[in-house]
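Me: I am a first-year student, and I would like to go through this structure with you by question and answer. Here it is.

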Amino acid sequence: MLKIAVVDDDESFVIEYKNILKKLFNEHGIECSIDTYTDAFYFRGVQQDKQYNWVFLDIDMPEITGIDLANEIRKMNQSLKLVFVSNHDYFVFETFRYAAYRFIRKDMLNSDTEEMVSSYCQEQWLKSSQMTFDLECKKKATENLFNIWYFYASRHDIFYVKENKITSKLATHTYTMDSLEEPLSQYGYIRIHRTFLVNCEYIYELKNYSVILKDGQSLAMSRGRIDAVKKAYQKIARERGKL
C-alpha cells in the first residue's frame, strides 16, 4: 500500500485532490492511504515518522514554501517521490534540483495527475516483467527485463548485458536479433543497429551515430536507423513521463 501526503494550505483543494488520487490509483489496482495537511509546519514535524512513499507539495504556502519543505525532505529521504503542485509554471525549473517526480499544474490538475499515475503504473509493470532465456550449456535464466541494459550479436552468438557489464550468452542458434526485437519492443527496447537491441531505460543520450548509456558506454547506431530510433525513444520517454 502506498502512503501519500498532500500538503496545501487550501482546505477545499486537499479534499478534492485526495479524491482524485484515490480514484486514479484504485482504477489501476493500487491501494493507497492519503493524509492531507493544510499546516505545513505541522507536516514538517510529523512527516519523518509517517514514512510516506509520495509527498505532494503546494509551492506557494504562507508558513513555509514547498521548495523549502522539499529541501528538508530530500536531506532525510532520497527515495520517496516528490510531486510539486502549483499554479505557477515558472517554478518548474527550480524544482529540478529536488529530483521531483512530476510538476502538476493546478489548471491541468486532472489530466496531469492521470498521466502521472498511468506512467507510474507502467513503470511498476515494467519492473516486474520477466522472461526466461535458454543459455549456453543447456542452462536457463529468468531475468527481470527492466534490469537488462542491452542485447548484442557477435556473428552467430547473442549476449545480454546487465549493470556493471555483467554478460550472459544465449544458446547458440536458438535466438536471432529479429526474434528478440518484436517481443521486447513492448518493454521499451529499441533496435539501434542490426547487432544492438537497447533498453530505453538506460539510454542517456543519442549522439551522432552513437547511443550513450547512463554508465558512459557508447554503442554504434546505424545511419539508416537514426530517425526511427529518435522517434521510438521520444515516444517511450513521453509515455514514461521523461519528456
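Me: How many disulfides does the structure hold?
Reply: A disulfide is a pair of cysteine sulfur atoms within 2.5 Å, and in this predicted model the sulfur of C32 is 10 Å from the closest cysteine sulfur, in C121, which is too far for a bond. C200 is in no disulfide either, since the nearest cysteine sulfur to it, that of C121, is 19 Å away. The number of disulfides is therefore zero.

Me: Is C32 buried or exposed?
Reply: Buried means under 20% relative accessible area, exposed over 50%, and partly exposed in between, with a 1.4 Å probe and protein chains only. The relative accessibility of C32 is 4%, so C32 counts as buried.

Me: Which element gives the largest share of the largest nonpolar core?
Reply: A nonpolar core is a set of buried Ala, Val, Leu, Ile, Met, Phe, Trp, Tyr and Cys residues joined through side-chain atoms within 4.5 Å, and the largest one here has 37 residues. Helices (H or I, at least four residues) and strands (E, at least two) are DSSP runs, numbered from the N terminus, and the elements that give two or more residues to this core include α5 (177-185), α6 (226-239) and β8 (148-154). The largest share, five residues, comes from β8.

Me: How are residues numbered, and which pLDDT is needed?
Reply: Residues are numbered from 1 along each chain as its sequence is written, and side-chain values use heavy atoms, leaving out hydrogens and water. Totals for chains, interfaces and linings use all residues, whereas side-chain atom pairs count only at pLDDT 80 or more and local features need pLDDT of at least 70.
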